Amino acid sequence: MSLSPRIWVLHGPNLNRLGTREPEIYGSATLNQINQMIEEKAKALDLAIDCFQSNHEGALIERIHQAEQSAVKFIVINPAAFTHTSVALRDAIASVAIPFVEVHLSNVHRREAFRHHSYFSDLAEAVICGLGPQGYLAAIEFAARRIAPHRG
Ligand code: DQA
């Protein structure tokens with residue numbers, strides 16, 4: 001039996017506050033609930049999934065560096081505020097040859113101008129924003145097809 005392809009989901013700063021953080025923008029689901037939905041979807045698609053959240057730029061960078069040696073086939077990342085600020089996190093994801101999708105819960109283009117620029121979008125396979133937690137599930141479905149098209 002072949003091993004399930006490994007996908008990592010990375011959540012950036014303040015996403016551990018989901019559920020109580022500005023619910024009119026981010027909804028009422030907690031990060032645990034979102035991770036549970038992600039894990040169920042991954043199980044249905046026979047993917048090995050790991051979800052990781054950090055409020056620290058360096059921790060996210062080091063996690064990305066570990067992805068190659070961990071045989072990660074695809075990354076789904078919501079860099080949160082680092083989307084708009086972090087050249088270092090961009091350089092980290094550019095340094096590993098792993099395709100990724102950028103996800104945002106909110107539609108960043110309908111919000112403040114400083115959220116309209118992303119340091120990740122031009123490197124990403126795709127960008128999903130405004131779908132709420134559903135965006136992560138769409139990204140994982142895409143990843144499943146992208147890394148193993150023969151599995152349907
Ligand atoms: C976010 C959008 C970012 O602008 C913001 O800083 C976040 C969350 C989103 O998921 O909508 O923290 O990435």
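# Reading a predicted model, one feature at a time

Biologist: I'll start with Ser 106, which is buried, with a relative accessible area of 6%. Why does Ser 106 count as buried?

Modeller: Keep in mind that this is a predicted model. The cut-off for buried is under 20% relative accessible area. Ser 106 has 6%, so it counts as buried.

Biologist: Where does Ser 106 sit, and what does its side chain make a polar contact with?

Modeller: Find the loop between β4 and β5, and you'll find Ser 106 there. Its side chain pairs with the side chain of Arg 111 in a polar contact of 2.9 Å. Skipping neighbours up to four places along the sequence, Ser 106 is in contact with Ile 25, Tyr 26, Arg 111, Cys 129 and Gly 130.

Biologist: On to the ligand, then. Which residues surround the ligand?

Modeller: Ser 106 is one of them, and the others are Arg 21, Tyr 26, Asn 78, Ala 80, Ala 81, His 84, His 104, Leu 105, Val 108 and Arg 115. Sorted by class, that shell holds 5 nonpolar, 4 polar and 2 charged residues.

Biologist: Which distances should I look at between side chains and the ligand's oxygen atoms?

Modeller: Try three residues. For His 104, a side-chain N or O atom is 2.8 Å from a ligand oxygen. For Arg 115, that kind of distance is 2.9 Å, and for Arg 21 a polar side-chain atom lies 3.0 Å from an oxygen of the ligand. As for cover, the ligand taken alone exposes 320 Å², and the protein buries 99% of that.

Biologist: Ala 80 turned up in that shell. What else is Ala 80 in contact with, away from its sequence neighbours?

Modeller: Gly 12, Pro 13 and Leu 15, once residues within four places are set aside. This is a good case for comparing sequence with space: Ala 80 and Pro 13 are 67 residues apart along the chain, yet their C-alpha atoms are 6.0 Å apart. Ala 80 belongs to the loop between β3 and α4, and its relative accessibility of 12% makes it buried.

Biologist: Thr 83 is in the loop between β3 and α4 too. Is Thr 83 buried or exposed?

Modeller: Thr 83 is at 0% relative accessibility, so it counts as buried. Its side chain reaches the backbone oxygen of Ala 80 at 2.5 Å. Further along the sequence, Thr 83 touches Glu 102, His 104, His 117, Ser 118, Tyr 119 and Phe 120.

Biologist: Let's do helices. What should I check in α5?

Modeller: Start with length. Helix α5 covers residues 134–147, 14 in total, and spans 20 Å between its first and last C-alpha, close to the 20 Å expected. Next comes the question of sides. An α-helix has 3.6 residues a turn, so residues three or four places apart point the same way. In α5, the buried residues are Gly 135, Tyr 136, Leu 137, Ala 139, Ile 140, Ala 143 and Ala 144. Their cover includes the helix α2 and the strands β1, β2, β3, β4 and β5.

Biologist: And what about Glu 141, in α5 as well?

Modeller: Glu 141 has a relative accessible area of 36%, so it is partly exposed. Leaving out close sequence neighbours, Glu 141 is in contact with Lys 41 and Leu 45. Its C-alpha is 25 Å from that of Ala 81, a residue 60 places away in sequence.

Biologist: Which residues does Met 37 touch?

Modeller: Met 37 is in helix α2 and is in contact with Pro 133 and Leu 137, neighbours within four places aside. Met 37 counts as partly exposed, at 31%. The C-alpha atoms of Met 37 and Ala 59 are 24 Å apart, with their positions 22 residues apart in the numbering.

Biologist: Last one: backbone angles. What is the phi of Asp 46?

Modeller: First the general idea. Most residues other than glycine have a negative phi. Asp 46 is not a glycine, and its phi is positive, near 60°. Ala 71 also has a positive phi, about 60°. Asp 46 is in the loop between α2 and β2, while Ala 71 is in the loop between α3 and β3. As for cover, Asp 46 is partly exposed at 42%, and Ala 71 is partly exposed at 42%.

Notes. Residues numbered from 1 in each chain as written. Predicted model: local features only at pLDDT ≥ 70, side-chain atom pairs only at ≥ 80, totals over all residues. Heavy atoms only, no water. Near = heavy atom within 4 Å. Polar contact = N/O pair within 3.5 Å; in protein donor to acceptor, adjacent residues only side chain to side chain. Areas by Shrake-Rupley, 256 points an atom, 1.4 Å probe, with all protein chains shown as cover. Nonpolar A, V, L, I, M, F, W, Y, C, P; charged D, E, K, R; others polar. Helix = DSSP H or I, 4+ residues; strand = E, 2+ residues; numbered from the N terminus. Expected span 1.5 Å × (residues − 1). Buried < 20%, exposed > 50% of the residue type's maximum accessible area, 1.4 Å probe, protein only. Contact = heavy atoms within 4.5 Å.
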